[in-house]
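Subject: Structure handover

Hello,

Here is the structure for you to work with. My notes on what I found follow below it.

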Amino acid sequence: MEEKPKDPLHGKRLDAILEELVEYYEGFEKLGEQINIKCFTDNPSISSSLKFLRKTPWARTKVESLYLFMLRQKKRDETRNKK
């Protein structure tokens, strides 16, 4: 029996994380309100953001933290909708 890794970031690619965040926040504009970095606020795109995030550890950490927050929010919303 295989154990699921406890880390939700395990095996998750940065491009997939970024795409999920853009979808969840309905575009780069609202994502840029959550994390105020130029790659999200000034002429944003997935590819330019990925280039920046891969070179900038502090920005990547912020994106990963927001992703974990988003997962918790989705889980809470699902729980509320079941009741």
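**Contacts and overall layout**

Of the contacts in the protein with a separation of 6 or more, 54% join residues 24 or more positions apart. Keep in mind that this is a predicted model.

The secondary structure is five helices and zero strands. Read from the N terminus, the order of elements is α-α-α-α-α. The C-alpha trace spans about 40 × 30 × 20 Å along its principal axes.

The protein has 83 residues, and 29% of them count as buried. It exposes about 6,500 Å², with 48% of that supplied by carbon and sulfur atoms.

On charges: there are 18 positive and 14 negative ones. Their mean positions lie 3 Å apart.

**The nonpolar core**

In soluble globular proteins, nonpolar side chains tend to be buried together. Here, the largest nonpolar core holds 20 residues. Which of them touch the most other members? They are L18, L21, L31, I37, F40, L53 and V63.

Which helices supply at least two residues each to this core? The answer is α1 (14-24), α2 (28-34), α3 (38-41), α4 (46-55) and α5 (57-82).

L21 is a good place to start looking. This residue sits in helix α1. Its relative accessibility is 0%, so L21 counts as buried. Setting aside residues up to four places away in sequence, L21 touches L31, V63, L66, Y67 and M70. Of these, L31 and V63 are also on the list of core residues that touch the most other members.

For a distance check, take L21 and R54. They are 33 residues apart along the chain. Their C-alpha atoms are separated by 16 Å.

**Two residues of helix α4**

S49 and K51 make a useful pair to view together. S49 is found in helix α4, and K51 lies in helix α4 as well.

Is S49 buried or exposed? At 0% relative accessibility, S49 counts as buried. What does S49 contact, leaving aside neighbours within four places in sequence? Its partners are L18, F28, C39 and F40. Two of these, L18 and F40, also appear among the core residues that touch the most other members.

K51 is another matter. Its relative accessibility is 56%, and the cut-off for exposed is over 50%, so K51 counts as exposed. K51 and C39 are twelve residues apart in sequence. In space, they are 9.3 Å apart, C-alpha to C-alpha.

**Aromatic pairs**

The structure holds three aromatic pairs. I describe two of them here.

One is Y24 with Y25. The ring centres are 5.0 Å apart and the planes meet at 85°, so this pair is edge-to-face. Y24 has 28% relative accessibility, so Y24 counts as partly exposed. Y25 has 10%, so Y25 counts as buried. The cut-off for buried is under 20%.

Another is F52 with W58. The ring centres are 6.3 Å apart and the planes are at 80°, so this pair is also edge-to-face. F52 has 29% relative accessibility and therefore counts as partly exposed.

**Positive phi in the loops**

Most residues other than glycine have a negative phi. Where are the positive values to look at? Two are listed here, E26 and N43.

E26 has a phi near 60° and is not a glycine. E26 is placed in the loop between α1 and α2. Its relative accessible area is 64%, so E26 is exposed.

N43 has a positive phi of about 55°, and N43 is not a glycine either. N43 lies in the loop between α3 and α4. With a relative accessible area of 67%, N43 is exposed.

**Where to look in the viewer**

For the core, centre on L21 in helix α1. For helix α4, select S49 and K51. For the rings, show Y24 and Y25, then F52 and W58. For the loops, go to E26 between α1 and α2, then N43 between α3 and α4.

Best wishes

Technical notes: Residues are numbered from 1 along each chain as its sequence is written. This is a predicted model: local features need pLDDT of at least 70, side-chain atom pairs count only at pLDDT 80 or more; totals for chains, interfaces and linings use all residues. Side-chain values use heavy atoms; hydrogens and water are left out. A nonpolar core is a set of buried Ala, Val, Leu, Ile, Met, Phe, Trp, Tyr and Cys residues joined through side-chain atoms within 4.5 Å. Buried means under 20% relative accessible area, exposed over 50%, partly exposed in between (1.4 Å probe, protein chains only). Helices (H or I, at least four residues) and strands (E, at least two) are DSSP runs, numbered from the N terminus. Contact means heavy atoms within 4.5 Å. Accessible areas come from the Shrake-Rupley method with a 1.4 Å probe; for residues, only the protein chains shown count as cover. Lys and Arg count as positive and Asp and Glu as negative; His and the chain ends are not counted. The place of a charge is taken as NZ of Lys, CZ of Arg, CG of Asp or CD of Glu. Rings of Phe, Tyr and Trp (its six-membered ring) pair if their centres lie within 6.5 Å; planes under 30 degrees apart count as stacked, over 60 as edge-to-face and the rest as tilted.
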